[in-house]
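Colleague: I would like a close look at a single part of this model, beginning with the backbone and working outwards to what lies around it. Please take the steps slowly and say what each one rests on.

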Amino acid sequence: MTPSHQATSPRANSSATSAPPHLAIVLFSLAMGGFAIGTTEFASMSLLPFFAADLGIDEPMAGHAISAYALGVVLGAPLIAVLGARFARRTQLLALMAVFALGNALTALAPTYGSMIAARFLSGLPHGAYFGIAALVATSLVPQHRRSQVVGQVMLGLTTATIIGVPLANLIGQAVGWRASFGLVSVLALLTILLCALFAPRDRAGSSDPLRELGALRSGRVWITLAIGAIGFGGMFAVYTYLATTLIEVTRVSPAVIPFFLAVFGIGATLGNLVVPRFADRALMPTAGAILLFAAVALLVFPLAAGNPWLLAADVFAIGASVSLGAVLQTRLMDVAGDAQALAAALNHSAFNTANALGPFLGGIAIREGLGWTSTGPVGAVLALLGFLIWIVAWRAGPVSAGITPGRNAARDDNAPARPAPPLAPDHRSRSDAARDRVA
């Protein structure tokens, strides 16, 4: 797979000329970071019963470690996106993965509950900014009509982690100890640093500035899109966080079977990210609304399916497929953010992890109130339906120019004439100069 020769603008064409000749290996390198991030984010949920017992706390309290990671993402994504506006994207990718590796190593070594909370917060800081920068790198290498597809392919790292990384981490956690699972994530992060150092396109320092990036926050459409993810995604996390315990306490399966259900969730998420973005490139917002309704139905079915392992596996697959909403909303934010592309792309993951904090929190309240482990399903369905109500508000606001990122004034006027998406990095060199810097 190679970058398209149909550049969206002279600047974009110059960027494509300086890009690596093989798009597939660039996407693989970026997705490896997503694989490491997805492994730690979802494995920590599946390992919750094990580190809760080891640290001497109950499971709802242990769920605060999940929320601490999510809080790190929520705060880190916009902060790093703004502060990193003047740095080359390749440099940012390497630095973010280094911090991520350190945070997970400290998690593996955490002696107390408090130190683990701090380490999970540190681990979450680079999460959103990494995915945001990776999405911008990927979309800068393809024509406009393929943006959702390449964002979905970068996100395949995260969803593949739920098939391979999370079950493997769970098995390691049961066999060796939960600390070894977080050590594995640190190794994956170091591998990502190596791959990005070798294959990520070299680019100059950005010409953007913090004030321009913060301009995205003036757009009501940016906030509405973020709200869809922050609320609508919470349902999936409400169920997934307590899935391992539900399997043991309600479905009555052996702990050895838990990785199978985690892999089923991952297969659903991966297939969703492969298929759904193709529809999103044709009808972006209708696709987002359909995913939210689909998720609400799957979450409502959860209590009914929990007593039968096979029915539960089918429902977990369906809930996993709703993860594709992330790639759809990522593209929507690129459409409404104007020149503040880095901040908007990172904020998508702030919203995603606001849901990661909100879902387990509300699910935990329902469980503590004695409503049972399966009460997370109805709680999640309510969140998905609330997300759909917010989607209706966004839909009624009217469309942005389809498939094209608005220009500098888009944050102030969504009806302004659209401009092409920005290139990989601001670069005012001639095409011949760029060709000499081709990266093998």
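Modeller: Helices here are DSSP runs of H or I with at least four residues, numbered from the N terminus, and with that in hand the place of Arg 252 can be given as the loop between α13 (243-251) and α14. The model is a predicted one, and in it the phi angle of Arg 252 is near 65 degrees, a positive value in a residue other than glycine. Because exposed means over 50% relative accessible area, Arg 252 counts as exposed at 63%.

Beyond that loop comes helix α14 (residues 258-280), which contributes five residues to a nonpolar patch and so gives the most to it. The patch lies on the surface and is formed by Ile 267, Leu 271, Leu 274, Val 275, Phe 279 and Phe 317, which together have about 500 Å² of accessible area. One of these, Val 275, is placed in helix α14, and with a relative accessible area of 43% Val 275 is partly exposed, since that class lies between 20% and 50%.

The aromatic side chains come next, and a search of the whole structure finds 13 aromatic pairs. Phe 42 and Tyr 240 make up one that is edge-to-face, with 5.0 Å from centre to centre and 85 degrees between the planes. Distant parts of the chain are linked by this pair, for Phe 42 belongs to helix α2 (residues 23-46) and Tyr 240 to helix α12 (residues 234-241), 198 residues apart. Both Phe 42 and Tyr 240 are buried. In the pair of Phe 260 and Phe 261 the ring centres are 5.3 Å apart and the planes stand at 80 degrees, so this pair is edge-to-face too, as planes over 60 degrees apart count that way. Phe 260 is partly exposed at a relative accessible area of 40%, whereas Phe 261, at 1%, counts as buried, because the cut-off for burial is under 20%. One aromatic cluster is formed by Phe 42, Phe 233, Phe 237, Tyr 240, Phe 265 and Phe 352.

Phe 42 also leads into the nonpolar interior, where the largest core has 105 residues and Phe 42 is among those with the most contacts inside it, along with Leu 30, Phe 51, Tyr 130 and Met 236. The largest share of this core, eleven residues, is supplied by α2. Leaving out residues up to four places away in sequence, Met 236 touches Phe 42, Phe 265 and Phe 352, and besides these Leu 299, Ile 319, Ser 322 and Val 323; three of the aromatic cluster's members, Phe 42, Phe 265 and Phe 352, thus appear in both lists. Apart from this core lies another, of 14 residues, including Ala 81, Ala 230, Ala 337 and Ala 346.

Thr 374 offers a second loop to set beside that of Arg 252, since Thr 374 lies in the loop between α18 (341-368) and α19 (376-396). Its relative accessible area is 18%, and Thr 374 is therefore buried, the cut-off being under 20%. With neighbours within four places in sequence left aside, Thr 374 is in contact with Thr 246, Val 250, Phe 302, Pro 303 and Ala 306.

As for charged side chains, the count comes to one salt bridge, which joins Arg 179 and Asp 54 with the closest N and O atoms 3.7 Å apart. Here too distant parts of the chain are linked, with Arg 179 in helix α9 (residues 178-199) and Asp 54 in helix α3 (residues 48-55), 125 residues apart. Arg 179 is partly exposed at 27% relative accessibility, and Asp 54 is partly exposed at 47%.

Ser 186 also lies in helix α9, but Ser 186 counts as buried at 9% relative accessibility. Its C-alpha is 5.6 Å from that of Asn 104, although the two residues are 82 apart in sequence, and beyond four places in sequence Ser 186 touches Ala 101, Asn 104 and Ala 105.

For the setting of all this, the protein has 20 helices and zero strands, and 61% of its 440 residues count as buried. Among contacts between residues at least 6 apart in sequence, 84% join residues at least 24 apart. The accessible surface comes to about 16,100 Å², with 69% of it belonging to carbon and sulfur atoms.

How values were computed: Residues numbered from 1 in each chain as written. Predicted model: local features only at pLDDT ≥ 70, side-chain atom pairs only at ≥ 80, totals over all residues. Heavy atoms only, no water. Patch = residues over 30% accessible without salt bridge, like charges linked within 9 Å, V, L, I, M, F, W, Y side chains within 5 Å. Areas by Shrake-Rupley, 256 points an atom, 1.4 Å probe, with all protein chains shown as cover. Salt bridge = Lys/Arg side-chain N within 4 Å of Asp/Glu carboxyl O. Helix = DSSP H or I, 4+ residues; strand = E, 2+ residues; numbered from the N terminus. Buried < 20%, exposed > 50% of the residue type's maximum accessible area, 1.4 Å probe, protein only. Phe/Tyr/Trp six-rings, centres within 6.5 Å; stacked < 30°, edge-to-face > 60°. Contact = heavy atoms within 4.5 Å. Core = buried A, V, L, I, M, F, W, Y, C linked by side-chain atoms within 4.5 Å.
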